[in-house]
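These are my notebook entries from a session with one structure. I wrote down what I looked up, in the order in which I looked.

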Amino acid sequence: MSQYYKNGCVFCDHSKIQAGDIREHHLRGVDFLSFTPLNPIALGHLVVIPVPHVDDASAAPDITGATFELAATIAKDLGLDNYNLIVNKGADADQTVFHLHVHIVPRFKGDETITVWNTSEAVQARSEFTDRPTIFRRT
């Protein structure tokens with residue numbers, strides 16, 4: 001569930017967003033902001049947030065969907081051909097700001113941007129990644 005403002009949330013208090021260029025958007029009856037994060041990991045890295053407070057991606061799936069739709073539209077409008085749309089849900093998944101936000105991370109051939117995915121042979125060979133619980137297996 002969402003509420004319009006949550007006291008102490010850095011994204012709800014827009015004056016605490018330390019971005020140089022904050023843009024306003026409106027989609028599906030919801031207001032959004034996009035801006036460069038404090039510590040961008042790539043040239044052109046942006047964050048998209050709903051203005052109403054939503055704790056995380058599962059709290060309000062309709063707003064989560066609209067946030068992703070807007071992020072993809074922004075990426076397209078910017079002419080990005082390769083990019084990651086990233087959301088973290090929960091502290092164990094590295095969510096540090098508990099207000100839904102989607103990262104748009106432009107990717108370029110040969111870039112050294114670090115993502116949460118590691119495709120090294122050592123990681124692929126680890127049994128805990130291949131021996132998944134039944135709920136993750138296709139039947």
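**Entry 1: salt bridges**

I began with the side chains of Asp 56 and Lys 89, which meet in a salt bridge with N and O 3.5 Å apart. I noted at the outset that this is a predicted model. Asp 56 sits in the loop between β5 (53–54) and α1, while Lys 89 sits in the loop between β6 (83–86) and β7 (102–106), so the pair ties together parts that are 33 residues apart in sequence. I then asked myself whether Asp 56 is buried or exposed. With a relative accessible area of 14%, Asp 56 is buried, because buried means under 20%. Its partner Lys 89 counts as partly exposed, at 42% relative accessibility.

How many salt bridges does the structure hold? I found four, and I looked up two others among them. Arg 28 forms one with Glu 69, and here the closest N and O atoms are 2.4 Å apart. Since Arg 28 lies in the loop between β2 (23–27) and β3 (30–35) and Glu 69 lies in helix α1 (residues 61–77), this pair ties together parts that are 41 residues apart in sequence. Arg 28 counts as exposed, at 53% relative accessibility, whereas Glu 69 counts as partly exposed, at 34%. The side chains of Arg 107 and Asp 111 also meet in a salt bridge, at 2.9 Å from N to O; Arg 107 is partly exposed at 22%, and Asp 111 is partly exposed at 25%.

**Entry 2: the sheet and the helix**

Next I traced the strands, and I found an open sheet of five with the order β2-β3-β4-β7-β6 and antiparallel pairing. Which strands stand at the edges? They are β2 and β6, each with a single partner strand, so one side of each is left without a neighbour in the sheet. From one strand to the next, the twist averages 20 degrees. I followed one pairing in detail: β2 and β3 pair in the antiparallel sense over five bridges, and the bridge partner of Leu 27 is Val 30 in β3. The helix α1 packs on this sheet, where it touches β2, β3, β4 (46–50), β6 and β7, and its direction makes about 145 degrees with that of β4.

**Entry 3: the nonpolar cores**

I reminded myself that in soluble globular proteins nonpolar side chains tend to be buried together. The largest nonpolar core here has 17 residues, and those with the most contacts inside it are Phe 32, Val 48, Ile 63, Leu 70, Ile 74 and Ile 104. The elements that give two or more residues to this core are β3, β4, α1 and β7, and α1 gives the most, with six residues. I also listed what Leu 70 touches, leaving out residues up to four places away in sequence, and wrote down His 25, Leu 27, Phe 32 and Val 48. A second, separate core of 10 residues includes Cys 12, Leu 33, Val 47 and Ile 49.

**Entry 4: the aromatic pair**

Last, I looked for aromatic pairs and found one. The rings of Phe 11 and Phe 35 have their centres 5.6 Å apart and their planes at 75 degrees, so the pair is edge-to-face. Phe 11 lies in the loop between β1 (2–3) and β2, and Phe 35 lies in strand β3, so the pair ties together parts that are 24 residues apart in sequence. Phe 11 is buried, with a relative accessible area of 10%, and Phe 35 counts as buried at 3%.

Terms used
Residues are numbered from 1 along each chain as its sequence is written. This is a predicted model: local features need pLDDT of at least 70, side-chain atom pairs count only at pLDDT 80 or more; totals for chains, interfaces and linings use all residues. Side-chain values use heavy atoms; hydrogens and water are left out. Helices (H or I, at least four residues) and strands (E, at least two) are DSSP runs, numbered from the N terminus. Buried means under 20% relative accessible area, exposed over 50%, partly exposed in between (1.4 Å probe, protein chains only). Rings of Phe, Tyr and Trp (its six-membered ring) pair if their centres lie within 6.5 Å; planes under 30 degrees apart count as stacked, over 60 as edge-to-face and the rest as tilted. Two strands pair if DSSP finds at least two bridges between them. Axes are lines fitted to C-alpha atoms, for helices over the stretch in contact, and angles run from 0 to 180 degrees between N-to-C directions. Contact means heavy atoms within 4.5 Å. A nonpolar core is a set of buried Ala, Val, Leu, Ile, Met, Phe, Trp, Tyr and Cys residues joined through side-chain atoms within 4.5 Å.
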